[in-house]
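Hi everyone, thanks for making the time this morning. I'd like to walk you through a structure, so let me put it up on the screen.

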Amino acid sequence: MLTNVVDVDPAAVEIGMPVVVRFERVDDEITVYPFTPA
Amino acid sequence: MDRPVAVVGVGTTVQTRDADGRSGLSFALEALQRALDDAGLTKRDLQGVFPLVDAWPNLADPPGNSRQTMWARQLGIPIRWFTGGVNSGNGTGVSALLDATAAIRSGFIDCAALVIGMAATTPSDPRTAPWTRPSDQFTAWTGSYTAAQFALAARRHMHEFGTTAEQLAAVAATIRNHGHLNPDAVMAGRGPYTADDVLASPMVADPLTRLMCAQVNCGGAALVVTTLERARDLRAVPVVVLGGGDQLCYPAYVEPPLLEHELGGPFPTDWVDRGFAMAGVARDDVDVVELYDGFASWVVMQWEMLGFCARGEGGAFAASGVMGVDGRFPTCTDGGCLSFSHMGAPALLRPIEAVRQLRGDVADACPAGAHTYRPGTCRAARDPEVALAVSMGPPTGGGNFALLARA
């Protein structure tokens with residue numbers, strides 16, 4: 001599964017970094033699931 | 001029936017960034033004619049055709065554009081062997097070579113052609129590798145694209161095993177310097193490069209810089225196989241298909257490329273050992289290697305898949321000098337996908353270059369007929385007897401390889 005990590009400096013993203021999912025409703029049919037630092 | 005099988009003809013068209021109005025079928029047919037001419041055969045000698053073109057002209061929705069029925073009509077011959085490995089660009093590549101070999105070896109047919117033509121995979125074409133970004137809720141919204149997906153697996157390999165960007169750069173520089181010397185390469189004369197040059201090229205998707213990523217271009221290629229017995233009466237030096245192997249573990253490209261470790265542990269590799277046993281050769285017998293170098297990181301993982309080094313040691317192995325023309329296993333000697341050609345599904349070009357190396361049919365900067373085997377001027381392996389070709393490997397969910405030998 002692919003996702004995006006948002007609300008973080010890309011250079012600060014590292015493997016093993018704790019993150020939390022954030023469900024974002026786009027419209028009545030679509031909800032996406034970016035992650036943010038925990 | 002158990003008959004040795006040989007490659008008797010290979011052909012390639014111009015590999016180009018500009019199709020100049022030609023269709024994939026046009027490239028494919030030219031390549032097929034070149035391969036038949038190389039063999040001294042005609043289309044009427046063929047019973048099997050393993051084709052792939054990106055579109056069939058004048059068909060708005062050609063779901064079966066590669067299907068043999070279209071080819072039977074186009075060529076005006078009956079086609080009696082219809083399968084073709086899917087694990088390397090639909091009907092072409094190492095999987096199809098092994099399949100055609102099995103069909104001939106067992107007596108179903110006597111002669112087959114593998115043929116590919118691509119004209120719609122230019123860099124600006126949004127269809128470039130569209131299968132890596134399916135329009136579903138798990139991929140489409142992320143903005144992901146092919147290089148970014150492979151970068152994830154490359155980064156994971158670096159994290160797990162300590163593989164370095166410098167090692168990836170050394171791989172890319174070596175392959176691109178072979179392509180620099182190949183007058184038929186799309187990137188002919190583009191080089192030479194050092195590893196530092198590769199690292200300094202623009203970043204595409206960390207850790208993959210531009211010079212670590214294959215181009216995408218148009219072109220055609222074809223290869224003809226028949227029995228060794230018949231091959232001995234034909235004009236070209238026969239190259240025997242000794243054996244090989246093929247393995248699929250999850251839908252290649254349909255899901256993002258992943259390190260096997262993310263799927264419950266390394267995939268089994270006994271199929272590779274089995275392929276070498278079938279061929280009757282050992283890894284130390286291999287003289288030249290043609291890997292699928294879509295990205296430099298892919299090469300590292302293929303060395304591991306093939307068992308030339310331990311899992312996790314592919315970076316150090318690949319960057320140790322073994323891949324150069326003066327190394328133990330000259331690799332991607334035509335410049336590979338990085339510099340020679342990557343026509344979207346380039347799989348057939350890898351065994352074709354293996355055949356050309358085994359025949360000694362290699363153009364470079366050396367004086368005619370006098371290869372120096374020195375990096376910088378030469379891209380010919382020294383008197384190779386056994387070659388290995390790959391057209392798919394991790395992290396795409398599977399792998400394959402074929403072992404070929406000069407008869």
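Let's begin in the loop of chain B that runs between helix 12 (349-359) and strand 9 (386-392), because that is where Asp383(B) sits. Please keep in mind as we go that this is a predicted model. What caught my eye here is the backbone: Asp383(B) is not a glycine, yet its phi is positive, at about 45°. Is Asp383(B) buried or exposed? With a relative accessibility of 54%, Asp383(B) counts as exposed, since the cut-off for that class is over 50%.

Chain A has a residue of this kind too. Asp7(A) is a residue other than glycine with a positive phi, near 60°. You'll find Asp7(A) in the segment before strand 1 of chain A. Asp7(A) is exposed as well, and its relative accessible area is 60%.

While we're in that segment, have a look at Val5(A), which also lies before strand 1 (19-21) of chain A. Val5(A) has a relative accessibility of 34%, so it counts as partly exposed. Which residues join Val5(A) in a nonpolar surface patch? They are Val13(A) and Val19(A), and the patch made by the three covers about 180 Å².

Now let's step back to chain A as a whole. Its secondary structure consists of 4 strands and 0 helices, so reading from the N terminus the order is simply β-β-β-β. Along the principal axes, the C-alpha atoms of chain A fill a box of roughly 35 × 15 × 15 Å. And how much of chain A is buried? Of its 38 residues, 18% count as buried.

Back over to chain B, where there are two cis peptide bonds to show you. One of them runs from Gly191(B) to Pro192(B), with omega near 0°. Pro192(B) belongs to the loop that links helix 5 (165-181) and helix 6 (195-200) of chain B. The other joins Asp206(B) and Pro207(B), and here omega is about 15°. For Pro207(B), look in the loop between strand 4 (203-205) and strand 5 (208-209) of chain B.

Last stop, a pair of helices. In chain B, the axes of helix 4 (residues 146-161) and helix 9 (residues 296-306) come within 9 Å and cross at roughly 55°. That angle makes helix 4 of chain B oblique to helix 9 of chain B. As for the hand, the crossing of helix 4 and helix 9 of chain B is left-handed.

That's my tour, and I'm happy to take questions!

How values were computed: Residues numbered from 1 in each chain as written. Chains lettered and ligands numbered in written order. Predicted model: local features only at pLDDT ≥ 70, side-chain atom pairs only at ≥ 80, totals over all residues. Heavy atoms only, no water. Patch = residues over 30% accessible without salt bridge, like charges linked within 9 Å, V, L, I, M, F, W, Y side chains within 5 Å. Areas by Shrake-Rupley, 256 points an atom, 1.4 Å probe, with all protein chains shown as cover. Salt bridge = Lys/Arg side-chain N within 4 Å of Asp/Glu carboxyl O. Helix = DSSP H or I, 4+ residues; strand = E, 2+ residues; numbered from the N terminus. Buried < 20%, exposed > 50% of the residue type's maximum accessible area, 1.4 Å probe, protein only. Axes fitted to C-alpha atoms, helices over the stretch in contact; angles between N-to-C directions. Parallel < 35°, antiparallel > 145°, perpendicular 65-115°, else oblique. Left-handed = near helix turned anticlockwise from the far one by under 90°.
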